[in-house]
Amino acid sequence: MTQLNVVKEAGVPDVLVVGAGPAGLALALDLTRRGVEALVVERADTLSPGSRGKGLQPRTLEVLDDFGVVDAVLAGSATAPIGQIWQDGRPVGERDMLGDSGVGGPTGTEPHPRARLLPQWRTQELLFERLTALGGRVAFGAALTGLDQDADGVSAYFADGSALRAAYLVAADGGRSTVRAALGVGMTGETVDPAQGVVADVRLRPGALDRDHWHLFPGADGGFAALCPLPGTEDYQLVARTGELDIPAVIAALTHLSAQDVTEVRWASDFRPRAAMADRFRAGRVFLAGDAAHVHSPAGGQGLNTSVQDAYNLGWKLGQVLRHGADPALLDTYEEERQPVAAQVLGLSTRIHRGQEQRGAATRQLGLGYRGGPLSEGAAGALEAGDRAPDGPLPDGRRLFDLFRGPHFTLLAVGSDAELPPVDGEFAHVHRLPAYEPYGKGIFLIRPDGYVGWAGEDVTGLARYLARFGGTTGGV
């Protein structure tokens, strides 16, 4: 079997990730820091150049903190400006674009309470830079054409006639996923808006529009355009309700600007607002993540964020199976946990697109969790298993998120002197803390993705729970 040149010397990966978008890069990064050999293959010759998913929600910022890139994200991004509504060339009102302009600064439990705007291409660059710094690899110009699998692994075939074998394969190759089609997995959903849309990155004549507002241009005939300044660039992102791809003409038709005010069109893509979800997120040794698993209306800024969090959920589970000897049945919980979340987010995006709901607390994704899920067991104090584990200050000046950062579980004894079961220090870090109101008192096992996996007032059943992930032996 001929392998791709990029891996001839490096050997066969544990996980082949198809697609170098946000989901694929995030997953490969997470796997690489866990010591899992991952290779990303991307059909294009470079990372995608567009700003498409520009909104990073608070929960995703917490994920990026864990990945070690949040400082660069914060340095290059900005909170959303107030929307300025225009009619007949005059500003006639304002609008809170993300529903968080009234949200204050960081709190004890929420270090990133507001969404940030950053062009998607820059988010991808930061993930790529972090991935390669950790030794991860991306093969560009590698177009997957087919695959087959057996009980031991997956074989992937490429347009240049080469092939590659891996233990698992993850489809992160977008809404028109080649992998999903090869698997024969269907997508169930609906058209959110019968009209086509276009998104583009443009540069305007200096002074044509200020960069302090997100400019909105509602049209009497149902047409609509928005121009949002993109932080860290000279660009604006255009989103318009039109099927026309002549971007200067679109701007001239839907705003008070002229076509000559557009000095450069840097990138453009059309889309039809649709909400759809794959019928399965797993088929044997192949998993679907990101847009390959679910596609959203851009309203609400949920697509990229849900995609990165798919990767965050799947990455630690693959790591436990491949590096810590966990039962491969653990991988079934990826679909069991993420499919309900995707359905919830799809519904939210559709309601926002249709004006049935406003952006607000739900779009920030801090309330998403896995209560009642297959890996959620117990309750104690103020928390129930499946909840997002809150941040908080520590007596030594650090924060709880500092303890959670990394590929390990974290076992917290909060206001409790209970004797804890033995755990491998590589698997879980153990800390005793004074009682803390957002947690109350109890024993809390925090999963590597920052959710409470197990909680109890004493340790009964904890060792058994840990053993599911290769974390301890013996005990009850």
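Guide: A salt bridge is a side-chain nitrogen of Lys or Arg within 4 Å of a carboxyl oxygen of Asp or Glu. By that rule, this predicted model holds 28 salt bridges.

Visitor: What makes Arg323 and Asp14 a salt bridge?

Guide: Their closest N and O atoms are 2.7 Å apart, and the cut-off is 4 Å, so the pair qualifies. Arg323 lies in helix H7 and Asp14 in the segment before strand S1 (15–18), so the bridge ties together parts that are 309 residues apart in sequence.

Visitor: Why is Asp14 called buried, and Arg323 partly exposed?

Guide: Buried means under 20% relative accessible area, and Asp14 has 16%, so Asp14 counts as buried. Arg323 has 38%; partly exposed runs between 20% and 50%, so that is the term for Arg323.

Visitor: Helix H7 also holds Lys317. How do you know that Lys317 is buried?

Guide: Its relative accessible area is 0%, and the limit is under 20%, so Lys317 is buried. Leaving aside neighbours within four places in sequence, Lys317 is in contact with Leu330, Leu331, Thr333, Tyr334, Glu337 and Leu375.

Visitor: Why are H1 and H7 called roughly parallel?

Guide: The axes of H1 (residues 22–33) and H7 (residues 303–324) come within 8 Å and cross at roughly 25°. Angles under 35 degrees count as roughly parallel, so the term applies to H1 and H7. Their crossing is right-handed, and by class the contact has twelve nonpolar, three polar and two charged residues.

Terms used: Residues are numbered from 1 along each chain as its sequence is written. This is a predicted model: local features need pLDDT of at least 70, side-chain atom pairs count only at pLDDT 80 or more; totals for chains, interfaces and linings use all residues. Side-chain values use heavy atoms; hydrogens and water are left out. Axes are lines fitted to C-alpha atoms, for helices over the stretch in contact, and angles run from 0 to 180 degrees between N-to-C directions. Helices (H or I, at least four residues) and strands (E, at least two) are DSSP runs, numbered from the N terminus. Angles under 35 degrees count as roughly parallel, over 145 as roughly antiparallel, 65 to 115 as roughly perpendicular and the rest as oblique. A crossing is left-handed if the near helix is turned anticlockwise from the far one by less than a right angle, and right-handed if clockwise. Ala, Val, Leu, Ile, Met, Phe, Trp, Tyr, Cys and Pro count as nonpolar, Asp, Glu, Lys and Arg as charged, and the others, Gly among them, as polar. Buried means under 20% relative accessible area, exposed over 50%, partly exposed in between (1.4 Å probe, protein chains only). Contact means heavy atoms within 4.5 Å.
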